[in-house]
Amino acid sequence: MKVYLDNSATTAVAKEVVAAMLPYFSIEIGNAQSVHSFGQQAKAAVENARREVAKLINSAPNEIVFVSGGTEADNLAIRGIAEAHCDKGRHIITTSIEHPAVLATCEALNENGYDITYLPVDRGGLLSIDEVRRAIRSDTILISVMLANNEIGSLQPIEEIASLVKEIRDNGQKHLHFHTDGVQAVGKVPVDVRRLGVDLLSLSGHKIHGPKGTGVLYIRKGTRITKLLYGGHHERDRRAGTENVPGIVGLGRAAELARVHLDERIDRVRELRDYLEHEVTSQFEDVRVNGDKLHRLPNISNLSFDGIDGESLLIALDLKGIAVSTGSACASGSLEPSHVLQALGLSRQQVRGSLRFSLGAFNTHEEIEYVISALAETVTRLREMSPETEPIDTAVP
Ligand code: PLP
């Protein structure tokens with residue numbers, strides 16, 4: 001049996017999405033900027049997709065900018081605000097558990113004279129609003145805090161941070177902006193940009209059963225931002241380059257499916273995830289759930305197996321046809337232990353013994369049963385082989 005539990009890395013493209021995209025590779029071949037009917041047809045498809053994405057996150061269609069993915073959306077948001085408002089200040093606040101798309105962008109800005117504050121999180125991976133308040137200075141131009149973390153799924157208090165930002169802006173600091181990386185949250189929990197109160201939100205097509213190489217930056221109307229790519233006047237002059245029409249069409253269809261099936265998908269993945277977690281934590285000793293259990297995505301379970309090397313467990317499961325991950329896909333390949341789990345205060349050994357199980361819309365109960373039985377075999381075997389058995393400490397709330 002093959003079981004894919006690495007949906008936070010990427011998801012299977014839904015068959016409806018593939019069907020929607022296909023004509024745009026062969027029949028509907030127009031460039032969305034062309035004046036003729038082929039062009040107009042492509043343009044209409046792009047605008048239809050824009051309306052679908054806007055509906056998913058409750059924005060206006062003209063606040064949606066199509067980009068190449070979550071990484072570009074994060075870069076555009078952070079560098080775009082940094083450059084456009086550098087005359088007002090060069091201070092940016094973010095967290096220590098952001099995705100590399102945010103952290104590396106901030107590091108690059110730091111090399112160019114920007115000052116970056118990395119806020120810590122608690123044992124459950126949550127940010128304190130007081131810490132945010134204390135970090136804000138008169139030269140702060142941007143706060144970038146992820147909506148949901150990609151390794152542990154913790155959901156940050158975005159609405160509260162947005163209220164704080166509004167309070168500070170109302171007191172005169174108009175150059176303060178708020179960006180959230182919503183790549184892991186969109187399609188997994190309700191995301192409403194008006195309710196959240198953010199200025200910018202990043203999302204990625206391939207995390208919501210859409211195609212890879214597609215994404216969106218939501219830019220609230222009236223937000224001044226510079227562009228990353230220069231060229232034609234595409235995307236209301238915010239992102240130059242011929243539109244990826246098939247990709248955008250696929251992203252639009254994926255957004256529509258995510259909106260229509262959101263509640264049912266949430267209930268299903270949560271039930272499966274909770275079942276997996278319950279069985280694993282009750283069948284095996286010394287397994288802890290990482291991250292806050294209350295403020296968390298419904299589809300992620302990050303577990304630390306005491307006395308086991310996560311990498312060995314990953315490989316053993318892979319041999320049984322099960323795909324999971326240690327840390328995030330973007331951090332794999334680096335020998336550094338997960339910066340997210342380290343920020344929670346886990347010991348090196350606990351970090352090493354951690355695995356992320358991330359579910360998607362297409363997982364079944366039968367698959368989860370198979371994973372539990374595979375773990376039962378593998379965990380016991382690996383523990384018997386392991387020389388180290390340092391006990392883990394108490395569970396996170
Ligand atoms: N932000 C978060 C939280 C992510 O999890 C990812 C991808 O894993 C990204 C950004 C980057 O998105 P993309 O793969 O579309 O570039």
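In this predicted model, strand E9 (residues 287–290) shows its side chains pointing in two directions: Val287 and Val289 point one way, while Arg288 and Asn290 point the other way. All four of these residues are buried. The pattern fits a simple rule, since in a regular strand the side chains alternate between the two faces of the sheet. E9 also has a partner, strand E10 (residues 300–305), and the two pair in the antiparallel sense over 4 bridges. Within this pairing, Val287 of E9 stands opposite Phe305 in E10.

Turning to the helices, a good place to begin is the meeting of H11 (residues 262–283) with H15 (residues 365–385). The axes of H11 and H15 come within 10 Å and cross at roughly 20°. Because angles under 35 degrees count as roughly parallel, H11 is described as roughly parallel to H15. The crossing of these two helices is right-handed. On the H11 side, the contact is made by Leu272, Tyr275, Leu276, Glu279, Val280 and Gln283. On the H15 side, these residues meet His365, Ile368, Glu369, Val371, Ile372, Leu375 and Ala376. Sorted by character, the residues of this contact comprise 9 nonpolar, 2 polar and 2 charged.

H15 takes part in another helix contact, this time with H12 (residues 310–319). Here the axes lie 10 Å apart, and the helices pack at an angle of about 140°. H12 and H15 are therefore oblique to each other. H12 passes H15 in a right-handed crossing. From H12, the residues Ser312, Leu313, Ala316 and Leu317 take part. Their partners in H15 are Ala374, Leu375, Thr378, Val379, Arg381 and Leu382. This contact divides into 7 nonpolar, 2 polar and 1 charged residue. A reader following H15 in the structure will find Leu375 in the contact with H11 and again in the contact with H12.

Finally, it is worth pausing at a residue outside the helices and strands. Where does Ser325 lie? Ser325 sits in the loop between strand E11 (322–323) and helix H13 (339–343). Is this loop residue buried or exposed? With a relative accessible area of 7%, Ser325 is buried, because a residue under 20% relative accessible area counts as buried. Leaving aside its neighbours within four places in sequence, Ser325 is in contact with Asp6, Leu314, Leu355 and Arg356. One of these partners, Leu314, belongs to the stretch of residues 310–319 that forms H12.

How values were computed:
Residues are numbered from 1 along each chain as its sequence is written. This is a predicted model: local features need pLDDT of at least 70, side-chain atom pairs count only at pLDDT 80 or more; totals for chains, interfaces and linings use all residues. Side-chain values use heavy atoms; hydrogens and water are left out. Axes are lines fitted to C-alpha atoms, for helices over the stretch in contact, and angles run from 0 to 180 degrees between N-to-C directions. Angles under 35 degrees count as roughly parallel, over 145 as roughly antiparallel, 65 to 115 as roughly perpendicular and the rest as oblique. A crossing is left-handed if the near helix is turned anticlockwise from the far one by less than a right angle, and right-handed if clockwise. Contact means heavy atoms within 4.5 Å. Ala, Val, Leu, Ile, Met, Phe, Trp, Tyr, Cys and Pro count as nonpolar, Asp, Glu, Lys and Arg as charged, and the others, Gly among them, as polar. Buried means under 20% relative accessible area, exposed over 50%, partly exposed in between (1.4 Å probe, protein chains only). Two strands pair if DSSP finds at least two bridges between them.
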